[in-house]
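Have the sequence and the model open side by side. The walk below starts with the sheet and moves out to the helices and turns.

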Amino acid sequence: MNEFMRAALDEAKKGLREGGIPIGSVLVVDGVIVGRGHNRRVQQGSTIKHAEMDCLESAGRLRAATYRKSTLYSTLSPCDMCSGAVLLYGIPKVVIGENMNFKGPEEYVRDRGVDVTVLNDQECIELMSDFIEKNPGLWNEDIGQ
């Protein structure tokens, strides 16, 4: 696992410690983390604070050219909403920790020109599967089921 996915995983664990859903994300530009986030739907009573959305918000307003040279790391495959943000801002590369527990619209994003890499990292898989097993209602709420 590289340093950026490790940072995303650290964010996921932070969210779990806060009582939330353990998904984390970081935005990297030129080898530097410019945004960090984790799923805060529970903590903030939010409908949209998925890890990727929290990460993008923490990065602040960036120029379009900056997004076009960035990479988004997420411990779990981004959902439709978060994948839409990737497309909206022209983020060219997404690295996913795992898609065994949930698979977002990866093929659609690829078809739109985004380089998508799935690591299927065992630590990411186990963190999410353990959470889903213990919190099925909360998980289903998070993915809109």
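Helices (H or I, at least four residues) and strands (E, at least two) are DSSP runs here, numbered from the N terminus. Two strands pair if DSSP finds at least two bridges between them. This is a predicted model: local features need pLDDT of at least 70, side-chain atom pairs count only at pLDDT 80 or more, and totals for chains, interfaces and linings use all residues. Residues are numbered from 1 along each chain as its sequence is written, and side-chain values use heavy atoms, with hydrogens and water left out.

Begin at a turn. Strand 1 and strand 2 form a hairpin, with two residues between them. Asp30 sits in that loop between strand 1 and strand 2. Its phi is positive, about 50°, although Asp30 is not a glycine. Asp30 is exposed, with a relative accessible area of 58%. Accessibility terms work as follows: buried means under 20% relative accessible area, exposed over 50%, and partly exposed in between (1.4 Å probe, protein chains only).

Now follow the hairpin into the sheet. Strand 1 covers residues 24-29 and runs antiparallel to strand 2, joined by six bridges. Ser25 has Gly37 as its bridge partner in strand 2. Leu27 is partnered there by Gly35. On its other side, strand 1 pairs with strand 3, again in the antiparallel sense, over five bridges. Strands of a sheet pair through backbone hydrogen bonds, either parallel or antiparallel.

The whole sheet is open and has five strands in the order 2-1-3-4-5, with mixed pairing. Strand 2 (32-38) and strand 5 (115-118) stand at the edges, each with a single partner strand, so one side of each lacks a neighbour in the sheet. On average, neighbouring strands are turned by 15° against each other, direction ignored. For such angles, axes are lines fitted to C-alpha atoms, for helices over the stretch in contact; angles run from 0 to 180 degrees between N-to-C directions.

Is strand 1 buried or exposed? It is mostly covered: six of its six residues are buried. In a regular strand the side chains alternate between the two faces of the sheet. Both faces of strand 1 are covered, with Gly24, Val26 and Val28 buried on one side and Ser25, Leu27 and Val29 buried on the other.

Ser25 leads across to strand 3, where it stands opposite Ser74. Ser74 has 0% relative accessibility, so it counts as buried. Contact means heavy atoms within 4.5 Å. Not counting residues up to four places away in sequence, Ser74 touches Met5, Ile23, Gly24, Ser25, Glu52, Val95, Ile96 and Gly97. One of these goes further: the side chains of Ser74 and Glu52 make a polar contact (2.6 Å). A polar contact is a pair of N or O atoms within 3.5 Å; within protein, one must be able to donate a hydrogen and the other to accept it, and residues adjacent in sequence count only if both atoms are side-chain atoms.

Glu52 brings us to helix 3. This helix spans residues 51-59 and packs on the sheet, touching strand 1, strand 2 and strand 3 (70-74). Its direction makes about 135° with that of strand 2. Its buried residues are Ala51, Glu52, Asp54, Cys55, Leu56 and Ala59. Their cover includes strand 1, strand 2, helix 4 (64-67), strand 3 and helix 5. After helix 3 comes Gly60, with a positive phi near 80°.

What does helix 3 meet in helix 5? Glu52, Met53 and Leu56 of helix 3 meet Met81, Cys82 and Ala85 of helix 5. The residues of this contact divide into five nonpolar, no polar and one charged. Here Ala, Val, Leu, Ile, Met, Phe, Trp, Tyr, Cys and Pro count as nonpolar, Asp, Glu, Lys and Arg as charged, and the others, Gly among them, as polar. Helix 5 covers residues 80-89; the two helices pack at about 35°, with their axes 8 Å apart.

Finish past the sheet's edge. Asn120 lies in the loop between strand 5 and helix 7 (122-134). Asn120 has a positive phi of about 45° although it is not a glycine. At 30% relative accessibility, Asn120 counts as partly exposed.
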